[in-house]
Amino acid sequence: MNTAAVLERIIKEHNFAPYIAEDRLIPASEGSYAPFPANLDGRIAGNLRRRGIERIYTHQAEVWDAVKSGNVVVVTPTASGKTLCYNMPVLQALLTDDKARALYLFPTKALSHDQQSELNEIVEGEPPEIPPLPVKVSTYDGDTPGSLRITARDLGRIIISNPDMLHDGILPNHPKWIQFFSHLQYVVIDEAHIYRGVFGSHVANVIRRLRRIASFYGSTPRFILCSATIANPKELAESLTGESVTLVDNNGAPRGEKRIILYNPPLIDAVQGIRRPVTTESRRWMLAFLRANIKTILFAHSRVKTEVTASYVNDELKNIFTGNSRIKVEAYRGGLLPNERREIERGLRNGGIQGVVSTNALELGIDIGGLDAAVVAGFPGSFNSFWQQTGRAGRRGGTSVAVFVASSAPLDQFIMDDPAWFFRKTVEEARINPENPYIYTDHVKCAAFELPFRDERIASGSFFGKEVTDALSFLEQDGIVRRTGSTWHWANRSFPAEGISLRSAMTENVVIIDITDGRNAVIGEMDRPSAKELIFKNAVYIHRGRQYLVEDLNIEEKKCLVREAEVNYYTDGYVKTDIQVILEDDYFEYADTAGTPECRAKSCLGDVLVRTQAAKFKKIRFHTQENIGYGTIDLPEEEMQTRALVLLFPPESSGGMALALLDESEAGSVLSSTGKLIKQIAPMFLLCDSRDIGIAERVRDPHFDIPALYVYDKYPGGTGLSEALVRRGADLFAVIYEAVKRCPCAKGCPSCVGAGENKAGTAAFLRTLTGEASTIRYAEG
């Protein structure tokens, strides 16, 4: 029985079929091809033909032509040959000029190593018929041994790295890289859509520093960026590089047949609207595929869920006589050691591992072999991520399937109620804010350490803009830089890049140490804020299916001691949040433009101080999800100054009038439900995860003295999300009102306002915030 027939049988099974909200077939499509470029070096063409490539896709040919005159961003689907888009022109340049160099940047070390293997297949040739190309490819990242780093630096023609290593390992040590930077012709930025929000804002500043150093050594590299489909790829590419970019987005690659299944788990309590857990249902789908010999990837959305789901699957398969039915399933997530990551990737490629449960760590284009099924357990936060994850199945062609298992979250249920809306929904924009004052000033420090700033260059257009003078003056007050004449010099003893993490607000990682039977072995690591919520004392830590109890978390020494244990539960921390307004920048009104303008609500954009603390945790029994106990967490609170959009409902506004009709408890329920809906549905409008947004409601806010709902960026200084929501507030109100109105429950359920919450009151409140015609206008505070 072929794959298509097996998939058809599984989909029609009685315990799946009744709950399928949509079964959509995306038909196969033919490719569009072009011959090899006439001036392509024969050695490159020969190596490609050896790999079975006799012609290229039209978008690859378009990139070849476009890159001759400038920078390019190519936007095509998963498995469409984007790698060859940059490998061909880069190798051509390096074979034409034996001094030329290129830098490849990938967002993860795993992807770097995967792409080096891909590049090596072209470069190594097949002697003696096809000689190797005289191009040394070297990986330079945190896992590269010291003995190989010097060789890579001196002899590497193509350096494969990541933004983190460029930031704190290469740019600060540029005098050791003079030959490389002097002849740098190309910079490749793969998976550019990943560089959004905080991470993207950091990376844009790292690229500024890269261009500045390359210019110092006399080179002006061209940029080739590759991205998954997003709404604004050209804008993002130009924001990242600081240069104009040509967009190539006409995909010429063929596409295999794919079925997209939207699956809504059955109700187990119709009165409360409670559905069977998403972990249970996604596990059932994965098991059905694996038992039919279909290699499968399941995407969960947290480290805990990834480990728990993988454990569930392995428990179901457990059989000592058949070696777990000869099916091996692994968990893949952040915090694994490098050798563990590569072991899993290798097992997926060579067939030793048949299934993997992953966070979004495998969302990127790492080669993990031929997968025919992808299961997405709950909406991943953005449509871009969803299509990336479903694209992991069917990368080798043929028939594939992707199953979206809905949770009870409002957005998931909104999709299940209107599948047509889901399929016509456009992907989101990727937003970055390189001028974020925290991020910008940090990278000005790094740049000053690398090279002095000179007034004449700032005046003529510095890579950091003319406003860099303000940042330098600020740093001078703290003795970090010193101005001598018209030049700003680094004046501090520190190494600034070491104290700046590109991926999170905190640079410190907590090392997790297994002390079972005196092992004292490092088994993982975790950033400090996550550690306070996940690996506190008495927490259960799960690592590749093994359970550990946390004996001690020492934040100051950045280590967590765990001991192997067998328990029947996992833990989940409760986090409490307190907010203080620091600065009010602008006020806005959401008003009705139909007839006499009416104020529906106001909002204030400004700075806030957010204090968070994990105060207690609950113990959740495996499989049944029962809450079997609580515990306390004794750890210091975290403080963060950030940006917030505060939705305000004064008495004269229609929103305020609706709340005034409710008692304090009911008003609190309505605001809480509205906040929950905003948190879950805001990712429709922004390329972010719901976990990037913080929500706090106040029936009578101590600062504004009226009902308020805080929507804040969960990163110091903000990342532009609050500012973006100002413009989309009216649209957001309309969508969340529609989500509540469409939900079939009578009194509230997890799919809308929450079980036991005030659905009628929330619907009435949201109705006052929406209108057939509405606008946003500045208002006086």
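**Close-up 1. Tyr-263 and Trp-285 are both buried.** We're looking at a predicted model here, and this view starts with Tyr-263, whose relative accessible area is 0%. Its ring makes an aromatic pair with the ring of Trp-285, edge-to-face, with 5.4 Å from centre to centre and 80 degrees between the planes. Tyr-263 belongs to strand S11 and Trp-285 to helix H11 (residues 278-291), so this pair links distant parts of the chain, 22 residues apart.

**Close-up 2. Across the model there are 37 aromatic pairs, and this view picks out Tyr-19 with Tyr-263.** These two rings also meet edge-to-face, at 6.3 Å centre to centre and with 85 degrees between their planes. Tyr-19 sits in the loop between helix H1 (3-11) and strand S1 (20-26), while Tyr-263 is in strand S11 (residues 258-263), so the pair ties together parts that are 244 residues apart in sequence. Tyr-19 is partly exposed, at 31% relative accessible area, whereas Tyr-263 is buried.

**Close-up 3. Here's a group of rings that form one aromatic cluster.** Its Phe members are Phe-379, Phe-383, Phe-386, Phe-404, Phe-414, Phe-422 and Phe-423. Trp-387 and Trp-421 belong to the cluster too.

**Close-up 4. Arg-149 lies over the face of Tyr-140.** Look for the ring of Tyr-140 and then for Arg-149, which is 5.4 Å from the ring centre.

**Close-up 5. Lys-616 lies over the face of Tyr-630.** In this view it's a Lys that faces the ring: Lys-616 is 5.8 Å from the ring centre of Tyr-630.

How values were computed
Residues are numbered from 1 along each chain as its sequence is written. This is a predicted model: local features need pLDDT of at least 70, side-chain atom pairs count only at pLDDT 80 or more; totals for chains, interfaces and linings use all residues. Side-chain values use heavy atoms; hydrogens and water are left out. Rings of Phe, Tyr and Trp (its six-membered ring) pair if their centres lie within 6.5 Å; planes under 30 degrees apart count as stacked, over 60 as edge-to-face and the rest as tilted. Helices (H or I, at least four residues) and strands (E, at least two) are DSSP runs, numbered from the N terminus. Buried means under 20% relative accessible area, exposed over 50%, partly exposed in between (1.4 Å probe, protein chains only). A charge sits over a ring if NZ of Lys or CZ of Arg is within 6 Å of the ring centre and within 35 degrees of the ring normal.
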